[in-house]
Amino acid sequence: MEVRGSRLFTCDACGYLQVDPLPSEDTLRTIYGEQYFAKSKYRNDEAQIREQSRRARLLDKAGLPRGKKVLDFGCATGLFLEQIKDRYTAYGCDYSQEAIDLAKDIQPDLEKRLYASSPANVLPDDLPELDAITAWDVVEHLGDPVGTLERLASQLRPGGILALSTPDYGALTAKLLGRRWAFMTPPEHLGFFNIGNLRRLFERLGLKVEFSVSQGKWANSAFILYKARRVFPELIPQSWVDGLSTSWVGRRCLYVPTFDVLYVVARKTSHHD
């Protein structure tokens with residue numbers, strides 16, 4: 001399958017879908033520069049507050065006690081950290097130095113627990129053993145999701161929690177829309193899981209899935225139109241997106257019931273060799 005000039009191939013053994021060849025480091029730096037994190041998606045508006053609150057409740061559902069050490073991997077500008085830092089000892093990590101700089105400006109109280117990392121050095125060496133790691137809307141951006149998740153699992157204490165969200169390639173919405181699916185946006189999104197292959201991967205890494213669910217998403221209307229233009233550029237002018245993003249209508253919060261965002265919470269069963 002070819003989408004937006006990128007070729008994607010499906011693994012015959014597990015059904016994982018990935019871009020091949022992967023984009024260059026220069027391309028990725030261009031994508032995830034300062035402008036990426038200045039988009040309306042990363043403003044602390046009502047939609048983001050609802051999304052981050054829902055994610056925080058997953059840690060409550062998993063029974064994580066107050067005061068435990070939680071790393072948000074792929075923390076972007078730190079919106080989830082802002083939601084949880086009064087309950088947990090919060091750490092943040094992102095491949096984008098620009099995102100970490102913004103996060104430090106927004107939350108100077110977390111400055112010493114915010115780290116820029118890289119695919120070659122997924123986590124900083126001085127991180128403590130962690131009680132929970134979250135990765136919200138992250139793994140679909142990774143060229144090596146297996147290696148990255150293995151590194152994250154190794155940083156968890158036995159009994160620790162790994163919670164993530166990612167587009168659900170097994171969802172009905174994805175199957176019906178195909179290359180027009182809103183999350184089918186290479187080279188930004190590089191790979192796509194479903195619950196079956198993600199569960200098998202977690203088992204390999206010594207993680208037992210405790211619960212999973214596919215849901216829709218809270219978003220402001222400007223971001224929804226931005227995503228729609230990514231899928232239908234021939235139908236939606238950029239001027240519409242620009243105009244909506246600067247108006248009060250663009251800040252209106254909507255729930256989009258696509259049921260194609262997969263949430264998974266797993267627990268580390270043992271040390272993984």
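**Figure 1. Arg50 and its salt-bridge partner in helix H3 of the predicted model.** In this predicted model, Arg50 has a relative accessibility of 35% and therefore counts as partly exposed, since that class lies between the buried limit of under 20% and the exposed limit of over 50%. The side chain of Arg50 forms a salt bridge with Glu46, and the closest N and O atoms of this pair are 3.0 Å apart. Glu46 is likewise partly exposed, with a relative accessible area of 43%. Both Arg50 and Glu46 belong to helix H3, which covers residues 46-61, and they are four residues apart, a spacing of about one turn of the helix. A search of the whole structure finds 14 salt bridges, and the Arg50 pair is shown here as one of them.

**Figure 2. A buried pair in helix H3, Arg54 and Glu51.** Arg54 forms a salt bridge with Glu51, with 2.7 Å between the closest N and O atoms. Because Arg54 and Glu51 are three residues apart in helix H3, about one helical turn separates them. Both residues of this pair, Arg54 and Glu51, are buried, whereas Arg50 and Glu46 in the preceding view are partly exposed.

**Figure 3. A salt bridge between strands S10 and S11, and a network of shared partners.** Arg267 forms a salt bridge with Glu210, and the closest N and O atoms of the two side chains are 2.7 Å apart. This pair links distant parts of the chain, with Arg267 in strand S11 (residues 253-268) and Glu210 in strand S10, 57 residues apart. Arg267 has a relative accessible area of 23% and is therefore partly exposed, and Glu210, at 39% relative accessibility, also counts as partly exposed. Elsewhere, salt bridges that share partners join Glu51, Arg54, Arg55, Asp137 and Lys217 into one network, and the Arg54 and Glu51 pair of the previous view contributes both of its residues to that group.

**Figure 4. The surroundings of Glu210 in strand S10.** Glu210 is placed in strand S10, which comprises residues 207-220. Its C-alpha atom is separated by 7.8 Å from that of Val264, although Glu210 and Val264 are 54 residues apart along the chain. The side chain of Glu210 is the partner of Arg267 in a salt bridge.

**Figure 5. A patch of negative charge on the surface.** Five residues, Glu34, Glu98, Asp101, Asp105 and Glu111, gather on the surface in a patch of negative charge. Helix H5, made of residues 97-106, gives the most to this negative patch, with three residues. Glu34 is found in helix H2, which spans residues 34-37. With a relative accessibility of 55%, Glu34 counts as exposed, because that class begins over 50%.

**Figure 6. The open sheet that contains strands S1, S2, S3 and S9.** Four strands make up an open sheet in the order S1-S2-S3-S9, and their pairing is antiparallel. Strand S1 (2-3) and strand S9 (191-192) are the edge strands, each of which pairs on one side only. Within the sheet, strand S2 (residues 6-10) and strand S3 (residues 17-19) run antiparallel and are joined by three bridges. For Thr10, the bridge partner in S3 is Leu17.

Key
Residues numbered from 1 in each chain as written. Predicted model: local features only at pLDDT ≥ 70, side-chain atom pairs only at ≥ 80, totals over all residues. Heavy atoms only, no water. Patch = residues over 30% accessible without salt bridge, like charges linked within 9 Å, V, L, I, M, F, W, Y side chains within 5 Å. Areas by Shrake-Rupley, 256 points an atom, 1.4 Å probe, with all protein chains shown as cover. Salt bridge = Lys/Arg side-chain N within 4 Å of Asp/Glu carboxyl O. Lys, Arg positive; Asp, Glu negative; His and termini not counted. Charge placed at Lys NZ, Arg CZ, Asp CG, Glu CD. Helix = DSSP H or I, 4+ residues; strand = E, 2+ residues; numbered from the N terminus. Buried < 20%, exposed > 50% of the residue type's maximum accessible area, 1.4 Å probe, protein only. Pairing = 2+ DSSP bridges.
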